[in-house]
Amino acid sequence: MMSAACHGDWPLRAQPSSAPQSSQVEMEAERSSGGGGAGPRAAGSWRRLGALLLLAVSSLPAATALVEGLYCGTEVCYDVLGVTREASKAEIARAYRQLARRYHPDRYKPEEPGTEESAHKKFLLIATAYETLKDEDSRRDYDYMLDHPEEYYQHYYAYYRRRLTPKVDVRVVILVTICAISIFQYYSWHSSYNEAINYLMTVPKYRIQATEIAKQQGLLNRTKEKGKNRRSKEEIREQEEEVIRDIIKNKIDIKGGYQKPNLTDILLCQIVLFPYYLTSYMVWYVSWVYRFTICREEYGDEEKLYIIRRYMKMSQSQFDSLEESSRETFLEKQLWIKEKFQAYKKDQEEEMKVKMATDPRMKRYRRWMKNEGPGRLTFMED
């Protein structure tokens, strides 16, 4: 009986003792978490927050490369044409031709009324797919979009950059621009040259010289003309003017900005001949250093004039427009020597100051600037 009680009471005692043990475990957990009754509440709130985050993440749409408005929209261009991503250009073109013959608006025969609009949209989608896949660069961007669907902004940039960029070779644009500038340059220089010739024809000195040369060459000898070949006085005068004009063109060498235009001076020829000019300059520079720096040779007249021109900061055309007597004066005064050039420049500045102080026109100008020049307020008396 004792054994039966012992064996039979153990299960009855074990069941009620389980609750105190579990409550004791919970209390130990509460003490370990910081004490008080906030432990279970905090654990429950954390569990609810985790569940909400999991729900929010699961509700986000999956990243997809098929975006409406880019390429074929929500359709895959390969699927539209019925080809694989490994298809060649010939296979893509063949698939496009087959679908175009079927869905082209001029050849499409609807099986049911009202399907013309859907067939037209289908044809536009087929054309878009073909335009996307026939070009290697566009196809490469499209494949990259399929493989990296999460890079939305880069896909938009690549797509619209390709669509909005002018499909014209930049080299052609540059060439056309250079040609246009060259033509404008030549026309402008030619107009300036004609203006200079027209002005020289009105100067008595050059006109008389040109007339004498024309008479010596027998270009102005008037022969008596009879019958139908007889010309009017206006025609004879026009011919004489043309003869004088040609003589002035051939005999007078105009320098500076009104010189005769040369094709080698326009921008296009300058760019084409740039390697030649660069090579010539390098050869000239090496020769200059070797002759006058290493070998200590004396300067010739050409080298002296070059140094003088550099000191005066004048271009070649400006220096050539000077009279021959001026260049001879520069050589006589040895202006290629820097000290003498600086003294000459100082003397020129002093002469200019004296001239401006004694010139009546400059006096009137200074008086006007002082009394009635710009910026001075005056009141008119009634």
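# Rings, cores and helix H6

The structure, a predicted model, holds 18 aromatic pairs.

Me: What makes the pair of Tyr-78 and Tyr-142 tilted?
Reply: The angle between the planes decides. It is 45° for Tyr-78 and Tyr-142. Stacked needs under 30 degrees, and edge-to-face needs over 60. The value falls in neither range, so the pair counts as tilted.

Me: How do you know that Tyr-78 and Tyr-142 are a pair at all?
Reply: Their ring centres are 6.2 Å apart. The cut-off is 6.5 Å. Therefore they pair.

Me: Which parts does the pair tie together?
Reply: Tyr-78 lies in helix H3 and Tyr-142 in helix H6, so the pair links parts 64 residues apart in sequence. Both Tyr-78 and Tyr-142 are buried.

Me: Which residues do ring pairs link into a cluster?
Reply: Tyr-281, Trp-284, Tyr-285, Trp-288, Phe-292, Tyr-299 and Tyr-306.

Me: Why is Asp-143 called buried?
Reply: Its relative accessible area is 17%. Buried means under 20%. So Asp-143 qualifies. This residue is found in helix H6.

Me: What makes the link between Asp-143 and Tyr-78 a polar contact?
Reply: The distance between the side chains is 2.7 Å. The limit for such N or O pairs is 3.5 Å. The value is within that limit, so the two side chains are joined by a polar contact.

Me: How do you know that the length of helix H6 agrees with its residue count?
Reply: Helix H6 covers residues 136-147, 12 residues in all. At 1.5 Å a residue, these should span 16 Å. The end C-alpha atoms are 16 Å apart, so the two agree.

Me: What lies at the start of H6, and which of its residues are buried?
Reply: At the start, a side-chain oxygen of Asp-135 comes to within 3.3 Å of the backbone nitrogen of Asp-137. The buried residues of H6 are Ser-138, Arg-139, Asp-141, Tyr-142, Asp-143 and Met-145.

Me: Which residues have the most contacts inside the largest nonpolar core?
Reply: Leu-81 and Tyr-142, in a core of 26 residues. Helices H3 (77-81), H4 (89-103), H5 (116-134) and H6 each give two or more residues to this core. H4 supplies the largest share, seven residues. A second, separate core has 13 residues, including Met-201 and Val-243.

Me: Why is Arg-296 called exposed?
Reply: Its relative accessible area is 66%. Exposed means over 50%. Arg-296 is therefore exposed. It sits in the loop between helix H12 (274-294) and helix H13 (301-312). Its phi is near 60°, a positive value in a residue other than glycine.

Me: Why does Gln-334 count as partly exposed?
Reply: Its relative accessibility is 29%. Partly exposed runs between 20% and 50%. Gln-334 therefore fits. The residue is in the loop between helix H15 (324-332) and helix H16 (338-358). Its phi is positive too, about 55°, although Gln-334 is not a glycine.

Me: What makes a positive phi worth a remark?
Reply: Most residues other than glycine have a negative phi.

Me: How do you know that Lys-304 lies over the face of Trp-336?
Reply: Lys-304 is at 4.2 Å from the ring centre of Trp-336. The distance limit is 6 Å, with a further limit of 35 degrees from the ring normal. The distance passes, and the lysine is placed over the face.

Me: What does the chain look like over the "transmembrane region" that UniProt places at residues 170-189?
Reply: It is 100% helix and 0% strand there. The end C-alpha atoms are 29 Å apart. The feature itself comes from an unreviewed UniProt entry.

Methods:
Residues numbered from 1 in each chain as written. Predicted model: local features only at pLDDT ≥ 70, side-chain atom pairs only at ≥ 80, totals over all residues. Heavy atoms only, no water. Helix = DSSP H or I, 4+ residues; strand = E, 2+ residues; numbered from the N terminus. Expected span 1.5 Å × (residues − 1). Buried < 20%, exposed > 50% of the residue type's maximum accessible area, 1.4 Å probe, protein only. Polar contact = N/O pair within 3.5 Å; in protein donor to acceptor, adjacent residues only side chain to side chain. Core = buried A, V, L, I, M, F, W, Y, C linked by side-chain atoms within 4.5 Å. UniProt positions renumbered as here; feature names shortened; annotations may be inferred. Phe/Tyr/Trp six-rings, centres within 6.5 Å; stacked < 30°, edge-to-face > 60°.
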